[in-house]
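Biologist: I am new to this structure and would like a close look at a single part of it. Could you take one helix and go through it carefully, together with its surroundings?

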Amino acid sequence: MKIYDAVVIGGRGAVGSLVAGHLAGDGLAVLAVDRTPAHESPTYDHTVGDILHPDETVQRALTSASIVVLAVPESVALAWSTALAGPGTLVVETLSVKSSFAAKIAETGIAGTSLGINPMFAPSLGMAGRPVAAVTHRGGPAVDAFLDRLSGWGADVVLVDADRHDRLAAATQALTHASILAFGAALSKLDVDAALVHAVAPPPARTALALLARISGGEPEVYRDVQAGNPYAVAARRALADAVRELDVTVDGGSEQEFAALMKRAAAGVPDADGYHALCASIFDIVR
């Protein structure tokens, strides 16, 4: 039987195939395991398997691999038995929420080491120059080596603990997605012709429409996980609702000075105003 250096569970998915491709590009023998068949890759092997009910082929691959990547939904990752991994195996999860898996490792233990990564971008964009949040669940040389791999693939690795990761994900993903989906839901309730909105939309509106098209065209399971799985997402949505109510009250009964103060408070959330102003100008330059 062939011995694999790395096994990627969920290797047919976007994140799984991204990681599998990079590992194979590093010269590792990689096996992608998924519940549904996939087109064969020229750089790594595929097999059909269920990580919760692994057959003999998958079990042997897991126990012999030095790296096991869990590119699966949270429910699957939490139900999977870490005992299936060998004592020298690095288990890498790619969940959008880290707290629950961190608690699983703390409660049940793991024979080897474990790392959580979250590519903070659509996998189709590639890793080069993009942020990847990384959480060490159980450290060791294998974790350090994998972090070096990520950097070698061009990723900007940001090291955080599980709780801070989830707080940041709520602020940068759950809040952003909620804002865009709420924009789309509100737009659908207005008595306006969508074709005319498209015809007259200035750059900010066109950019918002582009974000709405991208998010609403994605996998509902992925975007629901961001909202439902993150323990801090509900606070992010409530903050958004409170902010809209504050804006409404300020416009209806406040002064120009109060509105200016609201804008100043909103601007406080931008860490590099000049840099983001320039980025916005660049975006608007291509939005027609």
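Modeller: A word on terms comes first: a residue is called buried when its relative accessible area is under 20%. The model is a predicted one, and the part I have chosen is helix H1, which covers residues 14–25. With twelve residues at 1.5 Å a residue, H1 should span 16 Å, and because its end C-alpha atoms are 17 Å apart, the expected and the computed lengths agree. Just after H1 comes Gly27, whose phi is positive, at about 95°.

Which residues of H1 are buried? They are Gly16, Leu18, Val19, Ala20, Leu23 and Ala24, and these buried residues pack against three strands, S1 (6–9), S2 (30–34) and S4 (67–70), as well as against helix H5 (141–152). Leu23 shows this packing in detail: leaving out residues up to four places away in sequence, Leu23 touches Ala6, Val8, Leu28, Val30, Ile67, Val69, Phe146, Arg149 and Trp153.

Leu23 also belongs to the largest nonpolar core, a set of 27 residues, where it is listed among those with the most contacts inside the core, along with Val30, Ile67, Val92, Leu115, Phe146 and Leu150. At least two residues of this core are supplied by each of S1, H1, S2, S4, strand S5 (90–93), strand S6 (113–119), strand S7 (131–138) and H5, and H1 gives the largest share, five residues. Apart from this core there is a second, separate one of 22 residues, which includes Val58, Ala65, Val76 and Val91.

To place H1 in the whole, the chain holds twelve helices and eight strands, and of its 288 residues 36% are buried. Among the contacts in the chain with a separation of 6 or more, 60% join residues that are 24 or more positions apart. Taken along the principal axes, the C-alpha atoms fill a box of roughly 75 × 40 × 35 Å, while the accessible surface of the chain comes to about 15,800 Å², with 58% of it belonging to carbon and sulfur atoms.

A residue from another helix can be set beside H1: His165 lies in helix H6 (residues 162–189), and His165 counts as buried because its relative accessibility is 2%. Setting aside neighbours within four places in sequence, the contacts of His165 are Leu95, Ser96, Val97, Lys98, Asn118, Ala133, Val135 and Val160.

Technical notes:
Residues numbered from 1 in each chain as written. Predicted model: local features only at pLDDT ≥ 70, side-chain atom pairs only at ≥ 80, totals over all residues. Heavy atoms only, no water. Helix = DSSP H or I, 4+ residues; strand = E, 2+ residues; numbered from the N terminus. Buried < 20%, exposed > 50% of the residue type's maximum accessible area, 1.4 Å probe, protein only. Contact = heavy atoms within 4.5 Å. Expected span 1.5 Å × (residues − 1). Areas by Shrake-Rupley, 256 points an atom, 1.4 Å probe, with all protein chains shown as cover. Core = buried A, V, L, I, M, F, W, Y, C linked by side-chain atoms within 4.5 Å.
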